[in-house]
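Me: I would like to work through this protein slowly, asking about its interior and its charged side chains. Could you take me through the reasoning behind each reply?

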Amino acid sequence: DVALWLFDDTAINRARSPAKLVELLWAGRAVVAEAVGEVPALAGDAAWLVPPRAHEALVEATVGLLTTPALRRDLAIRARAHAGAHLDWSARARRLAAAYAAALQSRRQRC
């Protein structure tokens, strides 16, 4: 019912994209995740984020979701909706294309 995304705060983890987290959100899982690297950007408000190595906060969030079915259900619904709106390949490609277009436009304006 609840997925835990434990992610050590290391240079490697800050630089990589946690694809499994995206799968958990798509699956509509209530996720408790350590806010490392791209995790906050990928999850947005669709996961319960805790600071890295904050063991007490991790336990509190997990117990909170396991003992509060309505909260767990709401977070799971939010996770699936967030994934559908922001994490599918088409949406990511559109955002990337828009970023490239903006960068090129900015470069043209300076030249």
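The questions and replies below concern a predicted model.

Me: Which helix gives the most residues to the largest nonpolar core?

Reply: The largest nonpolar core has 18 residues, and those with the most contacts inside it include Trp5, Leu21 and Leu25. Strand 1 (2-5), helix 2 (19-26), strand 2 (30-34), helix 3 (39-43) and helix 5 (69-86) each give two or more residues to this core. The element that gives the most, with four residues, is helix 2.

Me: How many residues are in the other core, which lies apart from the largest one?

Reply: Val32, Val50, Leu58 and Leu65 are among the residues of this other core, which lies apart from the largest one. Its residue count is seven.

Me: Which residue meets arginine 14 in a salt bridge, and at what distance from N to O?

Reply: A salt bridge by this rule needs a side-chain nitrogen of Lys or Arg within 4 Å of a carboxyl oxygen of Asp or Glu. Arginine 14 is partly exposed, with a relative accessible area of 44%, and its partner is also partly exposed, at 27%. The side chain that meets arginine 14 is that of aspartate 9, with an N to O distance of 2.7 Å.

Me: What separates lysine 20 and glutamate 23 along helix 2?

Reply: The side chains of lysine 20 and glutamate 23 meet in a salt bridge, at 3.4 Å from N to O. Lysine 20 is partly exposed at 45% relative accessible area, and glutamate 23 is partly exposed at 47%. Because they are three residues apart in helix 2, the separation is about one helical turn.

Technical notes: Residues are numbered from 1 along each chain as its sequence is written. This is a predicted model: local features need pLDDT of at least 70, side-chain atom pairs count only at pLDDT 80 or more; totals for chains, interfaces and linings use all residues. Side-chain values use heavy atoms; hydrogens and water are left out. A nonpolar core is a set of buried Ala, Val, Leu, Ile, Met, Phe, Trp, Tyr and Cys residues joined through side-chain atoms within 4.5 Å. Buried means under 20% relative accessible area, exposed over 50%, partly exposed in between (1.4 Å probe, protein chains only).
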